Amino acid sequence: MGGTGQGQGQGQGQGVGWLGRWRVPEKYRTRDTARPEGGERTAPGSAPAPIRQWPLLAVLGGTLLGLLVTLGDFRIGLLLVGCSLLGGAAMRGWLPAVGMLAVRSRFTDVLTYGVAGALITLLTLMAEPRPWLEVPFLNDVLRFSAG
């Protein structure tokens, strides 16, 4: 327990010399996090929160409704989920401000919402039994991979 500086005198500033070496210079420190493009409020700050975030609530509400409908008829319910995501992609692409629906850049959000919505919709239309849509190429891929 000699004079190595570890565990001794930390109240006087000894043993914390590494702090000075690892600090980020002031000019590189993050002071604030920038909102994504289009992430502004959709209504004035005096409006209630649900009105300011109506695009996000519309997508979440449609998805929740679709999941509830899925309990009765899975195909209709999942179509609602897919269409809600496609609606979110459309809102993110065309509306100037969508509140918390904006997560990343406009391009990334539109691509993510659009691809997820299109895949859910396409796979729902192709679901067995009695698919509403038959795509021969995808049926061949499935048979090749499964059999």
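**Close-up 1. Helix α3 in the predicted model.** Helix α3 covers residues 54–70, 17 residues in total. From its first C-alpha to its last, α3 reaches 24 Å, close to the 24 Å expected at 1.5 Å a residue. The predicted origin of the coordinates applies to every view in this set.

**Close-up 2. The two faces of α3.** The buried residues of α3 are P55, L56, V59, G62, T63 and G66. Viewed down the helix axis, these residues fall within an arc of 135°, so they line one face of α3. Their packing partner is α4, residues 74–94. The face turned away from the buried side of α3 carries two leucines, L64 and L68, and both are exposed.

**Close-up 3. T124 in helix α5 and its contacts.** Helix α5 spans residues 106–125, and T124 lies within it. The relative accessible area of T124 is 4%; T124 counts as buried because this value is under the 20% cut-off. Leaving aside residues up to four places away in sequence, T124 touches R75, L78 and L79. G77 is 47 residues from T124 along the chain, and the C-alpha atoms of the two are separated by 9.4 Å.

**Close-up 4. The surroundings of R92 in helix α4.** R92 is a residue of helix α4. With a relative accessible area of 0%, R92 is buried. The contacts of R92, not counting residues up to four places away in sequence, include P36, E37 and G38. R92 also touches V98, L101, A102, R104 and S105. The list of contacts is completed by R106, D109, V110 and Y113.

**Close-up 5. The salt bridge between D109 and R92.** Side chains of opposite charge can pair when their charged atoms come close. In this model the side chains of D109 and R92 meet in a salt bridge, with an N to O distance of 2.8 Å. The pair links distant parts of the chain: D109 belongs to helix α5 and R92 to helix α4, and the two are 17 residues apart. Both partners are buried. The structure holds one salt bridge.

Notes
Residues numbered from 1 in each chain as written. Predicted model: local features only at pLDDT ≥ 70, side-chain atom pairs only at ≥ 80, totals over all residues. Heavy atoms only, no water. Helix = DSSP H or I, 4+ residues; strand = E, 2+ residues; numbered from the N terminus. Expected span 1.5 Å × (residues − 1). Buried < 20%, exposed > 50% of the residue type's maximum accessible area, 1.4 Å probe, protein only. Arc of directions from axis to C-beta. Contact = heavy atoms within 4.5 Å. Salt bridge = Lys/Arg side-chain N within 4 Å of Asp/Glu carboxyl O.
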